[in-house]
Amino acid sequence: MVVFADGTTCGKGVKYKRNVWCHSCKEWSRSNGGADPNGRAPRRSAVQLRRELQRGVSAEPGVCVIFGDGSTDPYVSLAGESMTAARAVWTVAGRDLPDGARIMRTCQTPVCINIHHTVVRSDTVERFCIVVLADGQPCGKPVSESRKDWCAGCRAWSNKHAGADPSGRRRWVDVDARLDQLKAAAYATTTECIILDGFTDRPTVIWEGVHMMAARAVWIIRNGDPDDHDVLHRCSNGSGAHGCININHLKLGDHAENMHDRNSTESFHSILTGKQAQEIRRQWVPGTGSLHRGNTRDLAEEYGVSVQTIREVGRSATWRHLHN
């Protein structure tokens, strides 16, 4: 329904039922700060576009050539590809452009298409991080510095780990996926422990801009801010690398109760008893490599717990108050 400046109508098909502008008119409006496309200059035919671009190819070096009305940096469709008018001039001139290269203007006119006023910046070709992560897949994030093969995230990881090679590290956490895990744990109906992967200690997250234990974030999602109370675990997977976040295994208490739970002989709903923990610690033989795997898995099957639970009991990461 758009009417151009010369009185002709746009007439292109409308893709979405609720809109009265075609895709081209909507893009024009978006590029011009949401302006109404009615009254804008009519589209050029393919012949007119080529003629306009040819002006930039044949122009004298000392003269700026303005494309269109000069109000915005123009984009055109050439050979079925959308590109800047400056890049289209290079294409019309038959000059080769490396994939990902950018056309940079050397003059001060932002809409100039004079080919003599543009240069190719091949050093800005987009490159990608070559680090292969723990899942066997390349990192693949863009590399901003031409001399580096690592992205900013992998460089930050290396700096944090005393210059270590980031190859083999875990992939950065998907924030949206982690948020979905916390919400699922906050409204869980299962009685099984829910454990977040990728932590060597109790899991922590950023919730509403505050760094906190994942269990506390789960409690806030379900019940609101617990203020000065501590969020305690009813299960034995509240400490160490486990850090259970199942809302059904959480409760509120003060700091003294938290310390009492940690040092108690048997936690409420604990999977293991103190006597069992002592027996596991006495029997546990840790693995020393691929040729000797120890008896961790056998003990886990015998007591009906995870392999990680056996390791933590054997290393005194849990049940620390017990003596062999």
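In the predicted model, Arg311 lies in helix H10, which spans residues 307-314. Arg311 is partly exposed, its relative accessible area being 30%. The residue also contributes to a positive surface patch, whose members are Arg293, Arg297, Arg311 and Arg315.

The surroundings of Arg311 are described by the burial pattern of its helix. Of the eight residues of H10, six are buried, so the helix is largely enclosed by the rest of the structure. The buried positions are Val307, Thr309, Ile310, Glu312, Val313 and Gly314; in these cases the relative accessible area falls under 20%. Packing of the buried residues of H10 takes place against two helices, namely H8 (274-283) and H9 (296-303). Helix H10 is followed by Ser316, for which phi takes a positive value near 65°.

At the level of the whole chain, the secondary structure consists of 10 helices and 10 strands. The chain has 324 residues, and 35% of them are buried. With regard to contacts between residues at least 6 apart in sequence, 48% join residues at least 24 apart. The accessible surface of the chain amounts to about 20200 Å², with carbon and sulfur atoms accounting for 50% of this area.

Taken together, the results for H10 place a partly exposed arginine, Arg311, in a helix with six buried residues out of eight. Arg311 belongs to the positive patch together with Arg293, Arg297 and Arg315, while the buried residues of H10 are packed against H8 and H9.

Conventions: Residues are numbered from 1 along each chain as its sequence is written. This is a predicted model: local features need pLDDT of at least 70, side-chain atom pairs count only at pLDDT 80 or more; totals for chains, interfaces and linings use all residues. Side-chain values use heavy atoms; hydrogens and water are left out. Patches are made of residues with over 30% relative accessible area and no salt bridge: like charges are joined within 9 Å, nonpolar side chains (Val, Leu, Ile, Met, Phe, Trp, Tyr) within 5 Å. Accessible areas come from the Shrake-Rupley method with a 1.4 Å probe; for residues, only the protein chains shown count as cover. A salt bridge is a side-chain nitrogen of Lys or Arg within 4 Å of a carboxyl oxygen of Asp or Glu. Lys and Arg count as positive and Asp and Glu as negative; His and the chain ends are not counted. The place of a charge is taken as NZ of Lys, CZ of Arg, CG of Asp or CD of Glu. Helices (H or I, at least four residues) and strands (E, at least two) are DSSP runs, numbered from the N terminus. Buried means under 20% relative accessible area, exposed over 50%, partly exposed in between (1.4 Å probe, protein chains only). Contact means heavy atoms within 4.5 Å.
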